[in-house]
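Q: Please take me through a close look at one part of this protein, beginning with a single residue and what it touches, and then working outwards step by step. I am in my first year, so a careful and connected account would help me most.

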Amino acid sequence: MTKEFFEEVMRIPSCSRHEDMMIEYLLEWGKKHGCNIKKDGKGNVYMEKGSGIRPCLINHIDTVHTDQKEMVKEHVF
């Protein structure tokens, strides 16, 4: 993970129960990087890359913050 990637991800609002923008980002990122990625009906994101032996569950997408206005510098999409 690069510092730039981390900063980009942290610009995306993702407070608890409002992770839609982060989920969309992860789905697009995974597709762009050749991952088998999908979201289930409950909002869980599953990403698989490489051998395909076992998928990786991306969990805790939320950042818990209820007010990220000062943290969000720009819309990344």
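**Around M22**

A: Leaving aside the neighbours within four places in sequence, M22 is in contact with V9, I12, P13, S14 and I61. Please keep in mind while reading that this is a predicted model, and that every value below was computed from it.

Three of those partners, V9, I12 and I61, appear again beside M22 in the largest nonpolar core. This core has 12 residues in all, and its other members are I23, Y25, L26, L27, C35, I37, V45 and M47. Two elements, α2 (residues 20-32) and β2 (residues 45-48), give two or more residues to the core, and α2 gives the most, with 5 residues. As a general background to such a group, nonpolar side chains in soluble globular proteins tend to be buried together.

From the core we can move to the strand β2, which has two faces: V45 and M47 are on the covered face, whereas Y46 and E48 are on the uncovered one. Strand β1, which covers residues 36-39, pairs with β2 in the antiparallel sense over 4 bridges, and within this pairing N36 stands opposite E48. The hairpin that the two strands form has 5 residues between the strands, and in that hairpin G43 takes a positive phi near 90 degrees.

Next, let us return to α2 and look at its aromatic residues. A search of the whole structure finds 2 aromatic pairs. F5 and Y25 form a tilted pair, with 6.5 Å from centre to centre and 40 degrees between the planes; this pair links distant parts of the chain, since F5 is in helix α1 and Y25 is in helix α2, 20 residues apart. F5 and W29 form another tilted pair, at 5.7 Å centre to centre and with 50 degrees between the planes. Because F5 lies in helix α1 and W29 in helix α2, this pair ties together parts that are 24 residues apart in sequence. Ring pairs thus link F5, Y25 and W29 into a cluster.

How buried or exposed are these rings? Y25 has a relative accessible area of 7%, and because the limit for a buried residue is under 20%, Y25 counts as buried. F5, at 24% relative accessibility, is partly exposed, and W29, with a relative accessible area of 26%, is partly exposed as well.

Helix α1, which spans residues 3-10, also holds M10. M10 has a relative accessible area of 26%, so this residue is partly exposed. M10 and T63 are 53 residues apart in sequence, and yet their C-alpha atoms are 8.6 Å apart in space.

Finally, it helps to place this part within the whole protein chain. The secondary structure comes to 2 helices and 3 strands, and from the N terminus on the elements run α-α-β-β-β. Buried residues make up 25% of the 77 residues. Among the contacts with a separation of 6 or more, 41% are between residues 24 or more positions apart. The accessible surface of the chain comes to about 6,000 Å², and carbon and sulfur atoms account for 52% of that surface.

Methods:
Residues are numbered from 1 along each chain as its sequence is written. This is a predicted model: local features need pLDDT of at least 70, side-chain atom pairs count only at pLDDT 80 or more; totals for chains, interfaces and linings use all residues. Side-chain values use heavy atoms; hydrogens and water are left out. A nonpolar core is a set of buried Ala, Val, Leu, Ile, Met, Phe, Trp, Tyr and Cys residues joined through side-chain atoms within 4.5 Å. Buried means under 20% relative accessible area, exposed over 50%, partly exposed in between (1.4 Å probe, protein chains only). Contact means heavy atoms within 4.5 Å. Two strands pair if DSSP finds at least two bridges between them. Accessible areas come from the Shrake-Rupley method with a 1.4 Å probe; for residues, only the protein chains shown count as cover. Rings of Phe, Tyr and Trp (its six-membered ring) pair if their centres lie within 6.5 Å; planes under 30 degrees apart count as stacked, over 60 as edge-to-face and the rest as tilted.
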